[in-house]
Amino acid sequence: MAAAGIITEYNPLHMGHVHLMAEARRLLGPETGILCVMSGNYVQRGAFALADKAARAAAAVRSGADLVLELPVPWALSSAEGFAAGAVEILKATGAVTHLVFGSEGGDAASLCRCAEVLCSEGFPPRLREELKQGDSFPAARQRAVEALLSAEDAAALSRPNDTLGVEYCKALRGSGIQPVAVRRRGAGHDSETAEGGFVSASAIRRAICRGEEKTALSLMAPAMAEAYRQEQAVGRAPAALPNCERAMLARLRFLEEEDWAALDLGNEGLYRRFARFAHSAASVSELLEAVKTKRYPLARLRRMVFRAYLGLPSAPPEKPAYLRVLAANGRGTALLAGMRNTASAPVLTKPAAVRRLEPDAQSLFSLEARADRLYALACPDPAAVPDAWRTGPVIIREGAG
């Protein structure tokens, strides 16, 4: 069975996400499987996922997905480039995915591919270095460099969040045989507070929860997600929030020395010195970020460094994930899994106990994920309610089970 891939976080799942899954099936045929690669308990902007990964994955399957695989934490908490590369490697490793479908402000996959080719060209690095000398942020310098080598129209994609991620997808897909499909985004923009076309952004829903507007937030989620969130909240697993474990994070950060922060500063730009200077005295994570931030560094990059330090992640993700971990599936998803026995180039993991029979790199990655999940539990209202990764299998949604 051929499948369309979708790379996502579902933090939380809303009707715009449901629309994208429906569009994938409409464009590629009703028999196409929908295979999602989803971040686990941490998300790319540098934050805890609002609800546990199992609940979000199950809600996705109840909303149109057939199979949900986990994007391990080293890639989930990476730059847009690392996030996209890791997720695409998982899609490639299934041997079942023919297309990658993603939301896009412009809806023009060809334009995004042209940007990707320029970013991978020999002429781009020297041009980028020249633009960075002006002292602007990296995203602004990169956009100007692409504009100089391509066109202002194509380079404008790098000013739009979904299109920027789409360019990274196109970079990662080069030579894979998987075709990019850009679906024009409907509804509110990435950080918009307003509903447009019936949809709002996930960030707007999260902010509503932070303001205590739970009824409003639930009404804006996909129905299956709203129900899953209620259940997670009832047992003490939602919402996961920074204030619940801020002291634990600060304790870890105060333990680090300058060389520890240096290993996390992938740009080798001296940012680590600012973290080392202020982490020993900051009384909150927001105070630390405020002290460290400058015009040049996006806040999401700083948050990711904090979370990577908290979790003890390696300085950079490995080349590719060492296994394909199943989070949730339905009947069509289990059929996809059966086919992947013959097509997958990485072990398909459905039982944690099977990890001990895998190669050392796979065992190491799963152990890291399990440790990160234990620290995620500290961000939940009731840490004891979060199950241990070594005892947690996938959620299988039977036909007619909602």
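Contact here means heavy atoms within 4.5 Å, and the model toured below is a predicted one.

**Thr 32 and the end of H1**

Begin by selecting Thr 32, which sits in the loop between helix H1 (15-28) and strand S2 (33-39). With residues up to four places away in sequence left out of the count, Thr 32 touches Ala 2, Ala 3, Ala 4, Arg 25, Asp 66 and Arg 332. Its relative accessibility is 10%, and because buried means under 20%, Thr 32 counts as buried. Now display the side chain of Thr 32 together with the backbone of Gly 29, where a polar atom of that side chain lies 3.0 Å from the backbone oxygen of Gly 29. Gly 29 itself follows H1 and has a positive phi, near 115°.

From there, extend the selection back over H1, whose 14 residues reach 20 Å from the first C-alpha to the last, close to the 20 Å expected at 1.5 Å a residue. Colouring H1 by burial will pick out Gly 16, His 17, Val 18, His 19, Leu 20, Met 21, Glu 23, Ala 24 and Arg 25 as its buried residues; Arg 25 also appears among the residues that Thr 32 touches. What do the buried residues of H1 pack against? Their partners are S1, S2, helix H2 (53-61), strand S6 (97-104), strand S7 (179-184) and helix H18 (331-343).

**The loop before H1**

Next, select the loop between strand S1 (3-8) and H1, where Pro 12 is found, and where Tyr 10 also has its place. Tyr 10 is not a glycine, although its phi is positive, at about 50°, and its relative accessible area of 2% makes Tyr 10 a buried residue. A little further along, Asn 11 and Pro 12 are joined by a cis peptide bond with an omega of about 0°.

A cis peptide bond can also be inspected between Ala 238 and Pro 239, with omega at about -5°. To reach it, go to the loop between helix H12 (223-234) and helix H13 (246-255), which holds Pro 239.

**Thr 94 in H4**

Move now to Thr 94, which belongs to helix H4 (residues 80-94). Is Thr 94 buried or exposed? It is buried, with a relative accessible area of 0%. Two backbone atoms are worth displaying beside its side chain: the oxygen of Leu 91, which lies 2.7 Å from a polar atom of the Thr 94 side chain, and the nitrogen of Ala 96, which lies 3.1 Å from a polar atom of that side chain. When neighbours within four places in sequence are set aside, the residues in contact with Thr 94 are Leu 35, Leu 69, Leu 324, Met 340, Thr 343 and Ala 344.

**The pair H15 and H16**

Select helix H15 (residues 271-278) with helix H16 (residues 285-292), which pack at an angle of about 135° with their axes 9 Å apart. At that angle H15 and H16 are therefore oblique to each other, and H15 passes H16 in a right-handed crossing. To see the contact between them, show Leu 271, Arg 274, Phe 275 and Phe 278 on H15, and Leu 288, Ala 291 and Val 292 on H16.

**H17 and the glycine after it**

Continue to helix H17 (residues 299-311), whose 13 residues should span 18 Å at 1.5 Å a residue, which agrees with the 19 Å between its end C-alpha atoms. The buried residues of H17 are Leu 302, Arg 304, Met 305, Val 306, Phe 307, Arg 308, Ala 309, Tyr 310 and Leu 311. Immediately afterwards select Gly 312, which follows H17 and has a positive phi, near 70°.

**H19**

Go on to helix H19 (residues 360-377), where 18 residues reach 26 Å from the first C-alpha to the last, close to the 26 Å expected at 1.5 Å a residue. Its buried residues are Ala 362, Leu 365, Phe 366, Leu 368, Glu 369, Ala 370, Ala 372, Asp 373, Tyr 376 and Ala 377. In following such a list, it may help to recall that an α-helix has 3.6 residues a turn, so residues three or four places apart point the same way.

**Pro 223 in H12**

The last stop is Pro 223, which is placed in helix H12 and, at 61% relative accessibility, counts as exposed. A distance label drawn from its C-alpha atom to that of Arg 301, 78 residues apart along the chain, should show a separation of 32 Å.

Technical notes. Residues are numbered from 1 along each chain as its sequence is written. This is a predicted model: local features need pLDDT of at least 70, side-chain atom pairs count only at pLDDT 80 or more; totals for chains, interfaces and linings use all residues. Side-chain values use heavy atoms; hydrogens and water are left out. Helices (H or I, at least four residues) and strands (E, at least two) are DSSP runs, numbered from the N terminus. Buried means under 20% relative accessible area, exposed over 50%, partly exposed in between (1.4 Å probe, protein chains only). A polar contact is a pair of N or O atoms within 3.5 Å; within protein, one must be able to donate a hydrogen and the other to accept it, and residues adjacent in sequence count only if both atoms are side-chain atoms. The expected span of a helix is 1.5 Å times one less than its number of residues. Axes are lines fitted to C-alpha atoms, for helices over the stretch in contact, and angles run from 0 to 180 degrees between N-to-C directions. Angles under 35 degrees count as roughly parallel, over 145 as roughly antiparallel, 65 to 115 as roughly perpendicular and the rest as oblique. A crossing is left-handed if the near helix is turned anticlockwise from the far one by less than a right angle, and right-handed if clockwise.
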